[in-house]
Amino acid sequence: MSDTPDLSFLDAPGLLAAFVEENRPRAHGAGLDPYEYTRVTAPLTSLRDWPAACRAAGHRYTEAADRAAAGGRTVTAGSSHRAAARWFHAAGLLPHPDRAAAARTAAEADGAMRRALALLDPDAERVEGEGFAGWLRRPAAATGGRSPVVVVVPGMDSGKEEFHAVAEALLARDLAVLAIDGPGQGVLATTSTPEPDYHRVVGRALDALGALGAGSRLDLARTAVIGLSLGGYYAATAAAHEPRIRAAALVSGPYRLDWDALVPFVTATLAQRCGGLDAARAFVRRVDLTALAPAITTPLLVVEGGEDRIPGVTAATALVEQAPDAELLLVPHGNHLLGTALPDWLPATADWLTTRLTGHGTPGHGAVGDGSVGSCVR
């Protein structure tokens, strides 16, 4: 039996339309214009054309950025590079058979974000080491003191370019942000494999921040992590094992995965990123918080959408009963990653992290919201 994933499902009737619609809220959450998303995806006749269409959109923004820069319009140039990074990232959402092309696209996303930050946030700093690469950004208002830090962790097929809105929400609350790609993610997706012991990745990233010295303007005694999708599992492992983590938010994170129930899109993506089907099955067996949950004493916020139903994925809501200090923010109309409900979870989650790291505000229900559009329970 071949250890290579079968990608014939990409040609299944109706899958193209379903994939486009399923990713529409995710694209919105990542900052892509919804009308442009329709213009880019509407002409597609095969799901295999998705990467090329998204890359073409990215290249159009790169060209627009170059024209703006040549005319001295640096804000427009930076914004265009940022949009290019988002489109290049979107091109990598498909388990495409051409892994060399996938690597080039991930590098384009990384490069576009580098150019965007150089123009829009010149204080941004590249931080990388064994098994991670990311961007450290500091809040504009924190020029005198030291800022708490939140590490932003992506998921199975996401990367640091996707969650710009999360970073901006945290920066607006005077928190520094380190958005990273870890093993098997983003710019590292084709050169490394996913790491179930992700707390080691977070630990090395925090070590790298510590090595920046006193001039970094960071308060590493106040550090949190937010993980999205599979990144929620990674964030839970960091909360359990990394003593420097003071709080963790899990957004659409899994409690457990069941290989036999997962859909072909997920198993194929994992097989490509893990290096084969056997390695992917072994990885999935490790994604299980049953034994770890009672040992997570770090404050947790579990953010879930009521419409988030993925076959083979048990949601992290179970942590609310099993972890000693966990709260649930449930948005009934939210989907996976809650791109359909950004106002109903993102400000509240950013506030919760701020409260846990700074003491400003009241921890618990008041820090999350009044339950009018979501509910927070313990």
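Start by selecting aspartate 278 and arginine 281, whose side chains meet in a salt bridge with 3.0 Å from N to O. A salt bridge here is a side-chain nitrogen of Lys or Arg within 4 Å of a carboxyl oxygen of Asp or Glu. Side chains of opposite charge can pair when their charged atoms come close. Both residues sit in helix α11 (residues 277–286), 3 residues apart, which is about one turn of the helix. Helices (H or I, at least four residues) and strands (E, at least two) are DSSP runs, numbered from the N terminus.

Before going on, note that this is a predicted model, in which local features need pLDDT of at least 70 and side-chain atom pairs count only at pLDDT 80 or more, while totals for chains, interfaces and linings use all residues. Residues are numbered from 1 along each chain as its sequence is written, and side-chain values use heavy atoms, with hydrogens and water left out.

Stay with the pair in α11 and turn on the surface. Is aspartate 278 buried or exposed? Aspartate 278 is exposed, with a relative accessible area of 52%, and arginine 281 is partly exposed at 27%. The cut-offs are under 20% relative accessible area for buried, over 50% for exposed, and partly exposed in between (1.4 Å probe, protein chains only).

**More salt bridges**

Next select aspartate 219 and arginine 222. They form a salt bridge, and their closest N and O atoms are 2.6 Å apart. Aspartate 219 is buried at 11% relative accessibility, whereas arginine 222 is partly exposed at 26%.

Then go to aspartate 110. Its salt bridge partner is arginine 126, with the closest N and O atoms 2.9 Å apart. Aspartate 110 lies in helix α6 (residues 99–120) and arginine 126 in strand β1, so the pair ties together parts that are 16 residues apart in sequence. Aspartate 110 is buried, with a relative accessible area of 8%.

Add Glu128, Lys160, Glu161 and Asp181 to the selection: together with Asp110 and Arg126 they are linked in a network of salt bridges. How many salt bridges does the rule give? The count comes to 25.

**The hairpin**

Arginine 126 leads to strand β1. Select β1 (residues 125–129) and strand β2 (residues 132–137), which pair in the antiparallel sense over 5 bridges. Two strands pair if DSSP finds at least two bridges between them. To see one bridge, pick glutamate 125, whose partner in β2 is leucine 136. Now look at the turn. The hairpin has 2 residues between the strands, and glycine 131 takes a positive phi near 80°.

**Enclosed spaces**

Switch on a cavity display. The structure holds 5 cavities of 30 Å³ or more. On a 1 Å grid over the protein atoms alone, a cavity is a set of points where a 1.4 Å probe fits but cannot get out, a pocket is an open set with protein on both sides within 12 Å along at least five of seven lines, and lining residues have an atom within 4 Å of a point. Grid points are joined across faces, edges and corners, and a volume is the space filled by probe spheres set on the points.

The largest cavity has about 220 Å³ of space. Among its 24 lining residues, Gly92, Ala102, Ala106, Gly186 and Arg273 lie nearest its centre. Helix α6 gives the largest share of this lining, 6 residues. The lining divides into 9 nonpolar, 8 polar and 7 charged residues. Here Ala, Val, Leu, Ile, Met, Phe, Trp, Tyr, Cys and Pro count as nonpolar, Asp, Glu, Lys and Arg as charged, and the others, Gly among them, as polar.

The second largest cavity has about 130 Å³ of space. Select its lining residues, including Met113, Leu117, Trp135 and Lys160. α6, β2, α7 (164–171) and β4 (176–181) each supply at least two residues of this lining, which divides into 7 nonpolar, 1 polar and 2 charged.

**The largest pocket**

Finally, show the largest pocket, with about 900 Å³ of space. Of its 37 lining residues, Glu22, Phe265, Val266, Ile310 and His336 are the closest to its centre. Helix α1 (15–22) is one of the elements that supply at least two lining residues, and α1 gives the largest share, 4 residues. By class, the pocket lining has 22 nonpolar, 8 polar and 7 charged residues.
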